[in-house]
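Q: Please take one close look at a single part of this structure. Keep it brisk, and explain the terms as they come up.

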Amino acid sequence: MGTCLHPLWLAVFLCLGRIVSGIELDINDAESVKSAAATAAYGMMTYYHGNESGQIPGKLPGTWWTGGEVFMALVQYWYWTGDTSYNDVTKQALIWQRGHNDYLPDNYTQDLGNDDQVFWGLAAITAAELKFPEGEEVSWLALAQGVFNTQVEKWDADTCDGGLRWQRNSWNGGYDLKNAVSNGGFFQLAARLARYTKNETYGEWAEKAWDWATSVPLVVEKNWHINDLVTVDSQCKSSSGDQWSYNYGIYLNGAAFMYNWTDGDTKWKGAVEGLLNTTWRNFFPEEYGGNIMREPCEPQLPQVTPCDGNQSTFKSLVTAWLALTTTIMPYTVDVIMPKLQGSAIGAAKQCSGPSPDKKCGQRWYLDEYDGTTGLREHMCALSVFTANMLPFKEESGGKGPVTSDTGGTSKSDPTAGTGSRKPEQNEPREITTGDRAGAGVVTVVVVGAWLGLVAWMMTGP
Ligand SMILES: *[C@@H]1O[C@H](CO)[C@@H](O)[C@H](O)[C@H]1NC(C)=O
Ligand SMILES: *[C@@H]1O[C@H](CO)[C@@H](O)[C@H](O)[C@H]1NC(C)=O
Ligand SMILES: *[C@@H]1O[C@H](CO)[C@@H](O)[C@H](O)[C@H]1NC(C)=O
Ligand SMILES: *[C@@H]1O[C@H](CO)[C@@H](O)[C@H](O)[C@H]1NC(C)=O
Ligand SMILES: *[C@@H]1O[C@H](CO)[C@@H](O)[C@H](O)[C@H]1NC(C)=O
Ligand SMILES: *[C@@H]1O[C@H](CO)[C@@H](O)[C@H](O)[C@H]1NC(C)=O
């Protein structure tokens with residue numbers, strides 16, 4: 001405190017100097033990494049109120065899918081650090097939002113994309129694989145199976161010979177698109193279910209989802225480029241969209257699970273290695289040494305980030321998936337670990353926002369706090385710090401994701417999610433500000449058309 005009592009100009013200088021020093025992180029020291037992760041987790045949870053009275057567990061303002069990411073990150077945080085502080089709130093959220101054991105909760109289902117749903121399913125399979133304490137209502141494995149079953153129903157062989165559409169329902173904007181993350185999410189979930197349960201049906205679906213994605217220009221095998229989406233109108237021949245890290249991460253990690261499940265099949269080895277190459281090239285720019293992750297939307301403005309609320313979360317997913325890949329494809333650790341370490345060091349420097357809580361910023365490649373902060377910035381920092389527990393967990397016997405043969409006890413229910421559920425209907429209703437912009441517009445148009453039809457019938461020809 002003493003330095004701040006100097007003459008004013010000096011005081012301002014020194015106090016600023018103090019504020020911009022990030023959280024201390026020594027990546028070679030388990031306690032230091034753990035403490036950085038704990039700080040980020042705490043910071044993230046200051047933005048979460050779902051467990052307070054009158055609030056909805058698992059639901060974040062303005063988004064439903066990001067809840068899946070938050071609680072997936074916390075399951076991994078618990079596993080790699082052993083800190084149980086957030087286990088209750090995590091279990092409560094994962095159970096509350098379960099819908100009919102399919103992560104299609106009635107409140108939100110009519111506007112959900114396959115991608116929104118699958119992130120909760122991936123959180124559930126992560127909980128099963130890492131042996132997160134089970135809830136009483138339903139097992140983590142069954143929840144993942146419920147998501148799988150309700151996505152298989154949406155497999156659309158009528159157009160482009162297969163694939164999932166982005167949206168589950170025809171009234172939502174984006175139904176005419178088949179996108180990488182929805183199909184990649186289904187692929188990864190099926191691959192993980194195959195490995196966990198040893199049930200071939202999941203493996204066949206994973207293979208089918210992969211082969212389809214490589215048959216249209218979503219996953220381009222010749223150069224391992226991933227396009228964000230293809231349009232149904234073009235018979236899935238025309239692709240567009242920006243480059244996003246989670247598209248690469250979601251296929252890469254799914255391929256790593258297939259590699260492990262098939263005991264090292266060269267098809268999957270080639271896929272992982274190819275996608276690692278393009279992941280490094282696109283998201284770990286050489287100009288910052290090649291070991292610090294950067295989402296392409298990050299650099300565009302000096303202070304205010306142009307990444308939207310979805311894009312600002314991708315680093316959390318990708319760093320966690322890279323870490324997971326090293327546990328099931330052990331030889332990749334030598335190429336992956338330096339990227340996770342460089343990114344964590346960058347993230348620690350960003351966690352130097354206003355005192356006392358040292359808020360975390362977004363751009364890990366900058367030396368000084370970038371002025372942004374929020375739940376998403378903290379979640380990304382949390383995931384990359386957690387990933388840096390890997391070397392220490394191995395020493396203490398941590399094995400990574402289990403299967404039903406290697407200690408996994410999450411109860412299987414191959415029929416989960418196929419029971420009675422409210423049909424997904426486009427009901428006229430109040431549109432809330434949290435709705436996706438595109439979907440909201442379509443809803444208005446459809447409701448408008450319906451009212452028009454009613455008026456026409458009442459006045460009669
Ligand atoms: C909500 O969870 C936080 C941990 O993130 C905890 O500190 C707080 O006590 C919980 N609140 C309630 C009302 O359970
Ligand atoms: C659905 O909405 C109601 C009313 O806001 C709320 O009480 C309930 O917790 C919500 N359920 C879920 C799963 O979000
Ligand atoms: C990945 O990059 C390395 C180094 O540039 C190269 O040797 C290797 O052939 C690439 N692998 C694939 C599958 O593209
Ligand atoms: C996420 O993406 C959807 C669809 O593109 C968009 O409508 C929504 O506003 C985005 N959410 C956030 C929190 O940015
Ligand atoms: C599959 O993962 C296990 C760890 O769960 C690992 O011991 C094994 O070597 C992996 N298999 C292959 C082919 O890498
Ligand atoms: C394997 O999974 C399929 C698809 O969900 C299911 O129909 C079948 O009953 C499962 N088999 C076993 C032995 O669990």
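A: **The shell around ligand 2**

Sorted by class, the shell around ligand 2 holds three nonpolar residues, two polar ones and no charged ones. (Nonpolar covers Ala, Val, Leu, Ile, Met, Phe, Trp, Tyr, Cys and Pro; charged covers Asp, Glu, Lys and Arg; the others, Gly among them, are polar.) This is a predicted model, where local features need pLDDT of at least 70 and side-chain atom pairs pLDDT 80 or more, while totals for chains, interfaces and linings use all residues. Residues count from 1 along each chain as written, chains are lettered from A and ligands numbered from 1 in written order, and side-chain values use heavy atoms, without hydrogens or water.

Which residues surround ligand 2? They are Ile 56, Trp 96, Gln 97, Asn 107 and Tyr 108. (Around means a heavy atom within 4 Å.)

Now look for polar contacts (N or O pairs within 3.5 Å). Start with Asn 107. A polar atom of the Asn 107 side chain sits 2.3 Å from an oxygen of ligand 2. For Tyr 108, the distance from a polar side-chain atom to a ligand 2 oxygen is 2.9 Å. Trp 96 takes part too: an N or O atom in the Trp 96 side chain is 3.1 Å from an oxygen of ligand 2. How much of ligand 2 does the protein bury? On its own, ligand 2 exposes 360 Å² (Shrake-Rupley, 1.4 Å probe). The protein buries 55% of those 360 Å².

Set ligand 1 beside this. Met 45, Asn 51 and Tyr 86 are the residues around ligand 1. A polar side-chain atom of Asn 51 lies 2.2 Å from an oxygen of ligand 1. Taken alone, ligand 1 exposes 360 Å², and the protein buries 43% of that.

Now step away to helix H8, residues 200-215 (helices are DSSP runs of H or I, at least four residues; strands are E runs, at least two). Helix H8 has 16 residues. From first C-alpha to last, H8 reaches 22 Å, close to the 22 Å expected at 1.5 Å a residue (times one less than the residue count). At the start of H8, a side-chain oxygen of Asn 199 comes within 2.9 Å of the backbone nitrogen of Thr 201. The buried residues of H8 (under 20% relative accessible area) include Trp 205, Trp 210 and Trp 212. Tyr 202, Gly 203, Ala 206, Ala 209 and Ala 213 are buried in H8 too. The partners that the buried residues of H8 pack against (heavy atoms within 4.5 Å) include helix H6 (140-152), helix H7 (180-197) and strand S1 (177-179).

Definitions and conventions
Polar contact = N/O pair within 3.5 Å; in protein donor to acceptor, adjacent residues only side chain to side chain. Buried < 20%, exposed > 50% of the residue type's maximum accessible area, 1.4 Å probe, protein only.
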